[in-house]
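Here are my notes on this one, jotted down while going through the model. Have it open beside you as you read.

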Amino acid sequence: MQDFESFYERATGRPPHGYEARIAREGLPDVVRAPAGTGKTGVILAWLWRRLHGEDPALTPRRLVYALPPRAALDQVAGSVRTWLANLGLTERVALHVVLGDRGASAGDWRENMHRPAIVVGTVDTLVSKALNRGFGIAPAMYPIDFALVTNGAQWVVVEPALCPATTATLRQVAGWAGQWGTAEPFGLTFLSSAPVAPPPAAAVPAAAGDPVTWGAGDYAALAQAVRDRHQAGTMTLVVLNSVSGAQEVYRRLRCDERVSVTLLHSQFRGVERTARLAEILTSASAASASASAASAAASASASAADRIVILTRDVASGLDLPSAVLVTQTPPAPAAGGSPVIGAADFSALFDTSPALSDSPALSDSPAPSGADVDVARYVTDADDLDVEIAWATWAHGQDGAPDAEVRHPAAEFRCRVPAAEAVKLAESRPVWRLDHAAREWRRVTRDPDWRLRPYELLLIDASDGGYDQEAGFDPSSPHPVQVAPELAVAVTESGPPRKWQSLDEHSTRVRDQTAALLAVLKPAISPRAVRAAVTAGYLHDAGKAHATWQDALCALAEESDADAIAAGRPWAKSGTNGPLEFAGGVWFRHEFASLLLIDGPLRQLLAGSPDPDLTRYLVLAHHGLLRVQVRDPAKTLGLEQGATVDIPPMLGLPPTTLTVDLAQFDSVGPATWTDTVRALHDRYGPFVLAYTEAVVRVADWRASGGRELAG
């Protein structure tokens with residue numbers, strides 16, 4: 001077994017601090033106070049060593065969720081983790097996922113390899129939204145997967161909780177329910193701070209060699225002059241301010257001084273500019289550290305590289321660990337009056353239902369059934385003045401009224417700028433701002449869409465020629481200049497990829513069953529043998545509905561003309577040899593997982609005999625794409641399956657040909673035993689965490705089988 005000191009030094013090039021070694025020996029406690037000047041990210045290595053080399057790795061959750069304050073810069077932490085994993089030779093074994101990060105920020109697949117260790121880095125609002133089953137910035141179908149993975153087998157580390165009291169309160173509630181309901185794998189919660197948890201966030205700024213200078217509100221001209229007077233040549237000066245506008249004003253007053261380099265960094269930069277500025281800052285920080293310990297000649301060279309004034313906003317500074325000779329801070333704003341809203345058990349339970357809000361889909365608007373979409377989670381994860389949306393400046397071939405084509409590829413993450421929602425709305429008053437209406441499948445101007453409901457981290461587009469962004473200062477609605485280095489958006493073209501073998505329904509079903517069993521054997525979750533067998537059975541039955549003629553006709557239509565007869569003779573298939581879209585007869589929204597449920601409730605009922613909990617198996621079959629889970633609204637209208645209709649089903653899964661007679665009675669909202677009642681009973685029996693976990697296992701097994709992955713082991 002490799003000792004922690006050697007492990008840490010190999011990763012970082014230096015020995016661990018005492019508190020880090022103690023965590024490696026004893027595990028993460030509820031609260032960690034990091035001594036000043038020691039940094040905080042080393043706890044990641046302490047967790048990783050315990051997971052890989054500790055006396056009982058199974059007691060250490062397999063995922064570390066490292067949560068930084070809202071709008072903190074993630075780059076330094078993510079960069080350190082990437083370097084450490086490379087130095088330790090663990091890049092292929094341990095995944096790194098940076099939530100809503102730039103391309104290249106993440107490595108490995110923390111979802112598809114849910115049985116392996118993973119480090120998940122993000123801001124606390126985006127991460128806790130996942131723990132509420134409403135992950136910001138991801139598709140609703142992915143909500144349950146991420147909910148399962150950040151609550152089962154997850155060790156949370158919340159950095160500077162005093163900066164995020166509302167989100168911290170919410171996470172404490174989730175932790176309490178995890179203890180009450182139980183999780184399939186261990187759940188842990190640690191608060192990591194350089195100051196006590198209770199006081200306001202005044203101490204959550206980088207440490208300086210001398211006493212920091214605290215400045216009151218306003219009078220940025222005087223503040224800029226004070227910074228200029230106090231800066232020591234050959235050293236780094238940090239200026240930490242409360243607002244983006246204040247930081248921009250101080251920067252504009254200082255950048256004209258050619259005697260010293262000045263770098264501005266705040267949360268409202270695009271990734272391309274943020275990365276470049278952070279590289280400048282880290283280079284100067286490294287030079288400043290070298291200058292402090294080098295001999296005279298080397299110290300002189302290092303001092304020249306270190307000579308820089310760095311202007312940060314307080315939220316961004318909370319995610320950085322930087323040395324400085326002079327620190328100038330602004331008096332922190334007073335805490336908001338009143339306490340943080342606390343989510344209750346009823347709202348949390350409602351959030352298990354990820355059915356869309358009634359207004360999200362015209363096809364579903366007649367249904368009276370409520371869902372978790374009616375619970376607004378924003379107030380439970382909002383510690384900044386407002387939640388953010390993402391704006392991208394780009395060019396495109398203008399369609400009607402200047403709108404982009406609905407099929408254009410979205411700009412990469414590094415071309416997006418996070419902006420408070422209220423400021424985005426105000427920006428739309430002065431120039432066209434476009435949002436994608438998913439239901440209507442078109443881009444619409446924000447100001448012309450009365451039904452627009454702002455969503456956290458929603459993507460908005462602005463034509464680069466319309467301005468609103470300054471590459472030196474960041475988001476700036478007053479800037480009329482075209483935005484440089486803007487991506488050109490082209491219509492996405494489906495990539496055909498290399499030809500692949502058609503896969504029969506029986507073969508795919510067997511592979512998913514085996515992947516499910518293999519994952520559960522490696523994960524060894526604390527769930528009953530009944531639940532394990534029910535999940536494995538669901539893996540085998542999940543795609544039975546693909547045998548329905550409507551689905552088979554659409555899939556077989558993708559075959560090359562020369563292969564059409566052979567493909568027709570081989571039905572039923574699960575996977576085609578191409579990537580083409582399925583076009584169902586009559587333009588219906590046919591969901592094969594719904595047909596799967598009807599089949600195993602009807603003519604294939606005997607296949608449920610292998611499940612000790614048939615209702616759990618039935619739920620996992622229906623939920624395996626994340627689109628139909630707790631509610632199935634008006635199935636005859638939206639799924640193309642009419643009550644009483646019959647359809648021939650070919651031989652499959654070891655059974656002879658049969659006939660499906662569609663029975664939709666359980667989906668009536670007023671029936672004696674509705675589908676929603678069945679799911680609620682499962683929720684009460686297993687709890688939300690374990691139920692979502694079994695759901696995630698079956699879905700991940702399906703992904704792994706479809707991708708040709710080796711069995712977990």
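Is Thr 678 buried or exposed? Keep in mind throughout that this is a predicted model.

1. Thr 678 first. At a relative accessible area of 16%, Thr 678 comes out buried, because the cut-off for that label is under 20%. The residue belongs to helix α22, which spans residues 675-706. Leaving aside residues up to four places away in sequence, Thr 678 touches Asp 615 and Arg 618.

2. The helix pair around it. Two packed helices are described by the angle between their axes and the distance between the axes. For α20 (residues 614-622) and α22, the axes come within 10 Å and cross at roughly 65°. The crossing of α20 and α22 is right-handed. On the α20 side, the contact is made by Asp 615, Leu 616, Arg 618, Tyr 619, Leu 620 and Leu 622. From α22 come Trp 675, Thr 678, Val 679, Leu 682, Tyr 686, Leu 691, Thr 694, Glu 695 and Val 698. Sorted by type, the residues of this α20 and α22 contact are ten nonpolar, two polar and three charged.

3. The sheet. Five strands make up an open sheet, with parallel pairing and the order β7-β11-β8-β10-β9. β7 (213-215) and β9 (261-265) are the edge strands; each has a single partner strand, so one side of each has no neighbour in the sheet. On average, and ignoring direction, neighbouring strands here are turned by 15° against each other.

4. Both edges, seen through their pairings. At one edge, β7 pairs with β11 (residues 326-330) in the parallel sense over three bridges, and Thr 214 stands opposite Thr 329 in β11. At the other edge, β9 and β10 are joined in the parallel sense over five bridges, with Leu 264 opposite Ile 311 in β10. Don't read "edge" as "exposed" for β9: four of its five residues are buried, so the strand is largely enclosed by the rest of the structure.

5. What lies across the sheet. Helix α9 (residues 244-254) lies across β8 (236-241), β9 and β10 (308-313), and runs at about 160° to β10. The buried residues of α9 are Val 244, Gly 246, Ala 247, Gln 248, Val 250, Tyr 251 and Leu 254. They pack against α8 (220-230), β8, β9, β10 and β18 (474-475).

6. Cysteines. How many disulfides does the structure hold? Zero. Two cysteines worth a look are Cys 417, buried with a relative accessible area of 0%, and Cys 556, which also counts as buried, at 14% relative accessibility.

7. The helix that carries Cys 556. In α17 (residues 549-556), the buried residues are Trp 551, Gln 552, Ala 554, Leu 555 and Cys 556. Among the elements that cover them are α18 (564-569), β21 (573-575) and α19 (592-601).

8. One last residue, for contrast. Ala 276 sits in helix α10 (residues 271-293) and counts as partly exposed, at 38% relative accessibility. For a sense of distance, the C-alpha atoms of Ala 276 and Leu 653 are separated by 56 Å; along the chain these two residues are 377 residues apart.

Terms used. Residues are numbered from 1 along each chain as its sequence is written. This is a predicted model: local features need pLDDT of at least 70, side-chain atom pairs count only at pLDDT 80 or more; totals for chains, interfaces and linings use all residues. Side-chain values use heavy atoms; hydrogens and water are left out. Two strands pair if DSSP finds at least two bridges between them. Helices (H or I, at least four residues) and strands (E, at least two) are DSSP runs, numbered from the N terminus. Axes are lines fitted to C-alpha atoms, for helices over the stretch in contact, and angles run from 0 to 180 degrees between N-to-C directions. Contact means heavy atoms within 4.5 Å. Buried means under 20% relative accessible area, exposed over 50%, partly exposed in between (1.4 Å probe, protein chains only). A crossing is left-handed if the near helix is turned anticlockwise from the far one by less than a right angle, and right-handed if clockwise. Ala, Val, Leu, Ile, Met, Phe, Trp, Tyr, Cys and Pro count as nonpolar, Asp, Glu, Lys and Arg as charged, and the others, Gly among them, as polar. A disulfide is a pair of cysteine sulfur atoms within 2.5 Å.
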